[in-house]
Amino acid sequence: MFEKMDEAGHDGRYLLINHLNIEVPMIAAVNGPALIHAELALLCDIVLASDTTEFQDAPHFPMGLVLGDGVHVVWPLILGPNRGRYFLLTGQKLSANEALQLGVVSEVMSRDILLPRAWELARDICRRPSLARRYARVAMTQVLKQAMLDELGYGIALESLGMMAGVTFRKD
């Protein structure tokens, strides 16, 4: 059991850190519900959403799990500390338009133009010099990397401790 939890924690840390180590600007095109680990899309530099998109952190606190595998870092950074904690502790679901108003996404559009818009932005970014692209991403992710390095390991340990305690939660 401990080995499986250690492996999951290891993989989770490396997934998020490696995501931030990618040295080219990243575009997320979210087309529909992002209810589990939406922070992966939010760690991209440009986040586009279809008008059917919803964001939520469904599997953690609403289901009795500790918020410790990166969501506790990303959502408060993006929404602000108070709004981020509210989002995580209440299981709030954000519509695409609410996400736009709160700065979670940059653009909302219909599904049929989502990918063409993402490709349009990607082509525009690719017209820039390679060093500009690379170092722009490096500079923009430094704060996120530092926050992850400072908080992620501790959060994963707390989440694992909560799981080992066998805490279950029933929504009545």
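Colleague: A residue counts as buried when its relative accessible area is under 20%. Is Phe55 buried or exposed in this predicted model?
Modeller: The model is predicted, and the value for Phe55 is computed from it. Phe55 has a relative accessibility of 0%. The limit for the lowest class is under 20%, so Phe55 counts as buried.

Colleague: How many aromatic pairs does the structure hold, and how is the one between Phe55 and Trp75 arranged?
Modeller: The count of aromatic pairs is 2. In the pair of Phe55 and Trp75, the ring centres are 6.4 Å apart and the planes meet at 65°. Planes over 60 degrees apart fall in one class, so this pair is edge-to-face.

Colleague: How many residues apart in the chain are Phe55 and Trp75?
Modeller: Phe55 sits in strand β4, residues 54-55, and Trp75 in helix α3, residues 71-79. Trp75 is buried, at a relative accessible area of 1%. The pair links distant parts of the chain, and the separation is 20 residues.

Colleague: Which residue joins Phe55 and Trp75 in a cluster of ring pairs?
Modeller: Phe55 and Trp75 already form a pair. Ring pairs extend this into a cluster, and the further member is Phe87.

Colleague: Turning to charged side chains, how many salt bridges are there?
Modeller: Side chains of opposite charge can pair when their charged atoms come close. The cut-off here is a nitrogen of Lys or Arg within 4 Å of a carboxyl oxygen of Asp or Glu. By that rule the number of salt bridges is 7.

Colleague: Which residue forms a salt bridge with Arg134?
Modeller: The closest N and O atoms of this pair are 3.3 Å apart. Arg134 lies in helix α7, residues 130-164, and the partner lies in the loop between α1 and β1, 111 residues away in the chain. Arg134 is partly exposed at 33%. The partner is Glu23.

Colleague: What parts of the chain does the pair of Arg117 and Glu107 tie together?
Modeller: Their side chains meet in a salt bridge with an N to O distance of 2.7 Å. Arg117 lies in one element and Glu107 in another, 10 residues apart in sequence, so the pair ties together helix α6 and strand β6.

Colleague: Is Arg127 buried or exposed?
Modeller: Arg127 meets Asp124 in a salt bridge, at 3.5 Å from N to O. Asp124 is partly exposed, at 30% relative accessibility. Arg127 has 60% relative accessibility. Over 50% is the upper class, so Arg127 counts as exposed.

Definitions and conventions. Residues are numbered from 1 along each chain as its sequence is written. This is a predicted model: local features need pLDDT of at least 70, side-chain atom pairs count only at pLDDT 80 or more; totals for chains, interfaces and linings use all residues. Side-chain values use heavy atoms; hydrogens and water are left out. Helices (H or I, at least four residues) and strands (E, at least two) are DSSP runs, numbered from the N terminus. Buried means under 20% relative accessible area, exposed over 50%, partly exposed in between (1.4 Å probe, protein chains only). Rings of Phe, Tyr and Trp (its six-membered ring) pair if their centres lie within 6.5 Å; planes under 30 degrees apart count as stacked, over 60 as edge-to-face and the rest as tilted.
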